[in-house]
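Work through the exercises below with the model open beside you, and try each task before reading its solution.

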Amino acid sequence: MNTTKGKLLLSGERFRLTLERLCHQVLEDWEGFANACLVGIQPRGVPLADRIYQRLSALTGRSDIPYGRLDITFYRDDFRLRETPLAPYPNEMNFLISGQKVLLIDDVLYTGRTIQAALAALQHYGRPERVELMTLVDRRFNRHLPIQADYVGLAVDALDEAYVKVHWQETHGQDEILFFEKR
Amino acid sequence: MKALSTRHLLGIKDLTENDIQLIFETADNFKEVINRPIKKVPSLRDITVANLFFESSTRTRVSFELAERRLSADIVNFTASSSSVSKGETLLDTVNNILAMKVDMVVMRHPAPGACAFLSRHIPANIINAGDGTHEHPTQALLDAYSIRERLGDVAGKKIAIIGDILHSRVALSNVFCLQKLGAHVRVCGPPTLIPKHYAALGVEVSHNVRQTLEWCDVANVLRIQLERQDIRYFPSLREYHQYFGITRQMLDALQRDIVVMHPGPINRGVELTSDVADSRQSIILQQVENGVAIRMAVLYLLAAERT
């Protein structure tokens, strides 16, 4: 295996179909997308959330789905444990989520700590009816907290040393999920 | 992400340009936070900050306190007038007693120049200088430069005039350091008695002509006449000062273009600025106050991020 390039887990048509499936799953479970909003976690959940937003808008024929980008830097629990401070990203949440269904979106679900921080950050925008989690990759055996995703693109079982990275057309030239045995 | 090159904020002199830019970028995020419906984040929830004010202050103290509260820090407030300082306790004893109660950061204002630097050599907490005598007032300079960046897009290459009582002003010295590090051209302007000779050695222009300075500058940062620090008379009367160095609506209207007017407060209306200047749309005095909270949140956040 080429450790510098990484092993390809998903790309091309299958990648597209996976996103398509995720959108349809949400629409099936939520009976359309009424009284619901999308929240992408900065920075890496946002490219996925952008795609899901576009597809859901097209599938439902709506252009008014509330869509926010949530920065969780100030809510993280590893502040003061890192060598350097974490860089915050722009937080773009211009609506309240009180009484709404929230679809929280991130690229890789690993320890669950990011999601915990995101849930803490979401509290500041009201009391949602419920929050569900969508991730493109679920690393099932590496959780530190009792957090599970409701919509999963691809489940990856790997050791802690391994690393899974998602590339996007917009930023990397192509859509793909790569697997590295070491960081 | 980059970290600050220092573990205390004693003065702008110790900061690099990268430090200042990092503080500005972080402040951008906090400015968004303080405009949310719920203006609070939990970053500093495990940190206790002592605000030690050995000299009177309203704006700076309230601004720091708000910044600390919005980062969820625990706060201990201390003002010299109501403390054991009036019973003869030394600075080090006072602070050590407060630190024995497990305080992580100290924000201090003190009438003696260098008081914060002295403290930083003796105690383990992170120290933020909130003004030490006539020496430095780093967070004020940061928020001034940040407000200029917000209004004009950039600080580099801009012409900034600091007008008024330069001699007694810690804001002036910190502003000169900060603006120079960011690549601005700086000029100080005031009566000869209120501009120390050594300012020329800092590489700033010195002028005694307000009208000509206003024509030159993009931004006029107007300082208060600090009567409480003036042991002798540096000019005949406030009325005469206003006639020679006060800024009026007519003077601004006579210029060919709009300049930005700033003031660190508190304003002596009718002395260094007339009311119609202070309240005009060219004035960004209240934006400075708003930005002060964001800048102080950024400084507290970046200093507290030090690994424990």
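In S6(A), the bridge partner of A:Val137 is one of the details to be located in this predicted model, and the exercises begin with the sheet to which that strand belongs.

**Exercise 1.** Determine in which order the strands of the open sheet of chain A are arranged, and which of them are the edge strands.

*Solution.* Begin with the order, which is S3-S2-S4-S5-S6 in chain A, five strands with parallel pairing that form an open sheet. Next look for strands that pair on one side only, and these edge strands turn out to be S3 and strand S6 (151-155) of chain A. Then consider the twist: neighbouring strands of this sheet are turned against each other by 25° on average, when direction is ignored. Finally, follow one pair in detail, for S5(A) and S6(A) run parallel and are joined by four bridges, and within S6(A) the residue A:Leu154 is the bridge partner of A:Val137.

**Exercise 2.** Find the helices H1 and H3 of chain A on this sheet, and state which strands each of them touches.

*Solution.* Helix H1 (residues 12-29) of chain A packs on the sheet and touches S4, S5 and S6 of chain A, and its direction makes about 155° with that of S6(A). H3(A) also packs on the sheet, where it touches S2, S3, S4 and S5 of chain A, and its direction makes about 155° with that of S4(A).

**Exercise 3.** List the buried residues of helix H3 of chain A, and explain why they lie on the same side of H3(A).

*Solution.* The helix spans residues 113-122 of chain A, and its buried residues are A:Thr114, A:Ile115, A:Ala117, A:Ala118, A:Ala121 and A:Leu122. Because these residues cover an arc of only 160° around the axis, they are placed on the same side of H3(A). As a last step, ask what covers them: the cover includes strand S2 (36-41), strand S3 (67-70), strand S4 (101-109) and strand S5 (130-138) of chain A.

**Exercise 4.** In the loop between H1 and S2 of chain A, establish whether A:Glu31 and A:Asn35 are buried or exposed, and note the phi of each.

*Solution.* Take A:Glu31 to begin with, which has its place in the loop between H1 and S2 of chain A and has a phi near 50°, a positive value in a residue other than glycine. A residue counts as exposed if 12 or fewer other C-beta atoms lie within 10 Å of its own, and A:Glu31, with 8 such atoms within 10 Å, is therefore exposed. Turn then to A:Asn35, whose place is in the loop between H1 and S2 of chain A and whose phi is positive, at about 55°, although it is not a glycine. With 11 other C-beta atoms within 10 Å, A:Asn35 is exposed.

**Exercise 5.** Locate the cis peptide bonds that lead into A:Pro43 and B:Pro266, and say in which loop each proline lies.

*Solution.* In chain A, the peptide bond from A:Gln42 to A:Pro43 is cis, with omega near -10°, and A:Pro43 lies in the loop between S2 and helix H2 (45-60) of chain A. In chain B, the peptide bond from B:Gly265 to B:Pro266 is cis, with omega near -10°, and B:Pro266 is found in the loop between strand S9 (260-262) and helix H10 (275-278) of chain B.

**Exercise 6.** Describe the open sheet of four strands in chain B, and find the helix H2 that lies across it.

*Solution.* The strand order is S2-S1-S3-S4 in chain B, with parallel pairing, and the edge strands, each pairing on one side only, are strand S2 (74-79) and strand S4 (126-132) of chain B. From one strand to the next the twist averages 15°. Strand S1 (residues 48-53) and strand S3 (residues 105-110) of chain B pair in the parallel sense over five bridges, and B:Val49 stands opposite B:Met105 in S3(B). Helix H2 (residues 59-70) of chain B lies across S1, S2, S3 and S4 of chain B and runs at about 175° to S1(B).

**Exercise 7.** Work out how chain B is divided into domains, and which elements bring domain 1 into contact with domain 2.

*Solution.* According to the domain assignment, chain B is divided into domain 1 (12-136 + 289-304) and domain 2 (138-288). Their C-alpha centres lie 25 Å apart, and 23 residues of domain 1 of chain B are in contact with 23 residues of domain 2 of chain B. On the side of domain 1 that touches domain 2, the elements that give two or more residues are H1, S4 and H11 of chain B, and H11(B) gives the most, with seven residues.

Notes. Residues numbered from 1 in each chain as written. Chains lettered and ligands numbered in written order. Predicted model: local features only at pLDDT ≥ 70, side-chain atom pairs only at ≥ 80, totals over all residues. Pairing = 2+ DSSP bridges. Axes fitted to C-alpha atoms, helices over the stretch in contact; angles between N-to-C directions. Contact = placed C-beta atoms within 7 Å. Buried ≥ 20, exposed ≤ 12 C-beta atoms within 10 Å, placed from the backbone. Arc of directions from axis to C-beta. Domains from an automatic or database assignment.
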